[in-house]
Amino acid sequence: MNGTMRFLRRVAPQIATLAVVLLLIGFVFPGFFDLSFANGRLYGSPIDILNRGAPVALLAIGMTLVIATGGIDLSVGAVMAICGAIAASAITAGYGLPATLLMALGAGLACGLWNGVLVAVVGIQPIVATLILMVAGRGIAQLVTEGTILTFTNDGLAFLGSGNLLGLPTPVVIWLSMGALVTLLVRRTALGMLIEAVGVNRRASMLAGVNARLLLVTVYMVSGLCAAMAGIIVAADIRGADANNAGLFLELDAILAVVIGGNSLLGGGFSLVASLIGAIIIQSVNTGILVAGFPPEFNLVIKAVIVLVILVVQSPAIHGAGVLFSFARRSP
Amino acid sequence: MFAKTLLGASILASMTFFSSAVVAQTIGFSQIGSESGWRAAETTLTRQEAEKRGIDLKFADAQQKQENQIRAIRSFIAQGVDAILLAPVVATGWDAVLKEAQESDIPVVLLDRQVDSSDDLYLTAVGSDLHHEGVVAGEWLVGEVGDKECNVVELQGTTGSSPAIKRKAGFEEGIAGHDNIKIVRSQTGDFTRAKGKEVMESFLKAENGGKNICALYAHNDDMAVGAIQAIKEAGLKPGSDILVVSIDAVPDIFQAMAAGEANATVELTPNMAGPAFDALAAFMDGGTVPPKFIQTESKLYTQKDDPMKVYEEKKGLGY
């Protein structure tokens, strides 16, 4: 009971923000909340948000864990491109769906392993270590697709991007399950606490007996796996791997989702649920701008202003001022 | 037998002598890089066109860097090529190297993009007219819908890019004077499939599930391919419920046209080298000075143009 209260208090700012953003969109575009059921799935803009938010939500899961260790993973966008390219080329080369998925997910894990080894074993700063793969990864993806958009027609693979499961688009089911799975894994075991310990003070946690090196490598591999899933979804959605554009700048959206989720970039305590709500807030803003019908020149400015407002409202300084203000009123 | 062989050999010898005497022998080509499928196709076609004419093409890939292009041009000048083709990566900073080419009497032809230098520094520029492509797309739509009411949704290219600005303005000019055709929504799809699909989904939601939309105009084929999927997933028929017209003519849109899911595309031809070589040959043989801008044809393809055949032709070009 106490735990539930604490959890609700933790995610309250994010839920409030999401509610305000959605209400604003509903105000600008009245038909926004209309839901209908057709062809075995729900339709409507809110479903679109959950569906289109899938890549960033998946990335945010891995990114939250990485950031909780005090690191950062800039390579996730490029890893998406690599894994999408591998999935598309494997399926067109005639491998079956299970083999294709294994290869693509394996590639994501391998990318994560590479990052993890550079960070935890070689000791390169995370932002630099993952920058290497961020730059090189897109090149690797282009090598795989030979510079073209590699299209495929396999319905099984396409199902992961545009099919329906349990009345929802498949990507929604995938990211919700992955989020639930990882949350249970880190919160029902000591894993989450160990990650936080490494993020707060790696040296102290090592002295206390935490295998920080293994933990760091694992966390980057989880991030790589999440990026692989996002990459497969994006490729499956358009039935083709676009090495130039798949996942482009999404690492920044993922970091933003984590930040909007109220997690500190310095590492330590984290909330996966808050990060996921953060990802949905970002996608709500994106979709809201699209349905509102503003000229495209305004897109980025509107998005920036909304993000700025969200972050300022959440900032500790504002909270501090709020506390002072309430004291000032109470004191006389 | 011997006489026949001798005869054949002498004909062959005289032919090679003849051809090398008439047309340009060695031409240097400084290409930007291979940032898109279209550019890869341009490179392939340039090689093919050179081979067809018996030209020895010296190819230099600049990997998106101007300094590499300048270095390549200087090396072409040092090698004493007969002419230079240049697809400039940026518009500015070409004066010095173009002057060097001019002083060595080597004509330079610009491909696909323009430069800001004075136009007496190069022989001519071959390129497409982005504005005209939009006009062609608009006029096709006017011819297709006639007097019917038609609400158009537009997928723009990357905001602020010159193809997005010019193709938008061209299309608006193409439909000007036909009040039955209205652009009801216009958003950027960043020239990508994924964004094209996402934006189209929101258009469909915003316009009564797509029932208010009669046509889609996309600034490139890739966005149209993405949008077609969105239309299908919304339970509508692209190509009949919603007309689809786009620009570029990449192979995949021909597959969609063959399936009846896209209606028309305007070609941005990757064959810029053909007209360039023709202009060079005319200039070198007869001294005909070409105009400063040679506009390539913006050909309209529809479902009637045997899209599968065009697809097979285009597939091998490296798009």
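Where in chain B is Phe191(B) found? Select Phe191(B) in this predicted model, and you will find that residue in the loop between strand E7 (181-188) and H7 of chain B. Its phi is positive, about 65 degrees, although Phe191(B) is not a glycine. Most residues other than glycine have a negative phi.

A second residue of this kind can be selected in the same chain. Asp112(B), in the loop between strand E4 (108-111) and strand E5 (124-127) of chain B, has a phi near 70 degrees, again a positive value in a residue other than glycine.

From Phe191(B), move on to helix H7 (residues 193-206) of chain B and display helix H8 (residues 221-233) of chain B with it; the two pack with their axes 7 Å apart, at an angle of about 45 degrees. H7(B) is therefore oblique to H8(B), and the crossing in which H7(B) passes H8(B) is right-handed. To see the contact itself, show the side of H7(B) that carries Arg193(B), Gly196(B), Lys197(B), Met200(B), Glu201(B) and Leu204(B), which meet residues of H8(B) including Met223(B), Val225(B), Ala227(B), Ala230(B) and Ile231(B). Coloured by residue class, the contact of H7(B) with H8(B) divides into seven nonpolar, three polar and five charged residues.

Keep H7(B) selected and add helix H2 (residues 45-52) of chain A, whose axis comes within 10 Å of that of H7(B) and crosses it at roughly 170 degrees. Because angles over 145 degrees count as roughly antiparallel, H2(A) is described as roughly antiparallel to H7(B). Here Ser45(A), Asp48(A) and Arg52(A) in H2(A) meet Lys197(B), Glu198(B), Glu201(B) and Lys205(B) in H7(B), and the residues of this contact divide into no nonpolar, one polar and six charged. Lys197(B) and Glu201(B) are worth labelling at this stop, since they are listed both in the contact of H7(B) with H8(B) and in that of H2(A) with H7(B).

Now widen the selection to the whole contact between the chains, which takes 25 residues from chain B and 28 residues from chain A. The area buried between chain B and chain A is about 2200 Å², with carbon and sulfur atoms giving 50% of it. Three residues to pick out are Gln187(B), Arg193(B) and Lys205(B), which supply 25% of the area that chain B buries against chain A, more than any other three residues.

For a view of chain B as a whole, colour domain 1 (19-127 + 270-288) and domain 2 (130-268 + 303-313), as the domain assignment gives them. The centres of these two domains of chain B, taken over C-alpha atoms, are separated by 33 Å.

The last stop is in chain A, where helix H12 (residues 250-260) and helix H14 (residues 299-314) have axes that come within 10 Å and cross at roughly 35 degrees. Asp253(A), Leu256(A), Val259(A) and Ile260(A) of H12(A) make this contact with Lys303(A), Val307(A), Ile310(A), Leu311(A) and Gln314(A) of H14(A), and these residues divide into six nonpolar, one polar and two charged.

Technical notes
Residues numbered from 1 in each chain as written. Chains lettered and ligands numbered in written order. Predicted model: local features only at pLDDT ≥ 70, side-chain atom pairs only at ≥ 80, totals over all residues. Heavy atoms only, no water. Axes fitted to C-alpha atoms, helices over the stretch in contact; angles between N-to-C directions. Helix = DSSP H or I, 4+ residues; strand = E, 2+ residues; numbered from the N terminus. Parallel < 35°, antiparallel > 145°, perpendicular 65-115°, else oblique. Left-handed = near helix turned anticlockwise from the far one by under 90°. Contact = heavy atoms within 4.5 Å. Nonpolar A, V, L, I, M, F, W, Y, C, P; charged D, E, K, R; others polar. Domains from an automatic or database assignment. Buried area = accessible area lost by both parts, 1.4 Å probe.
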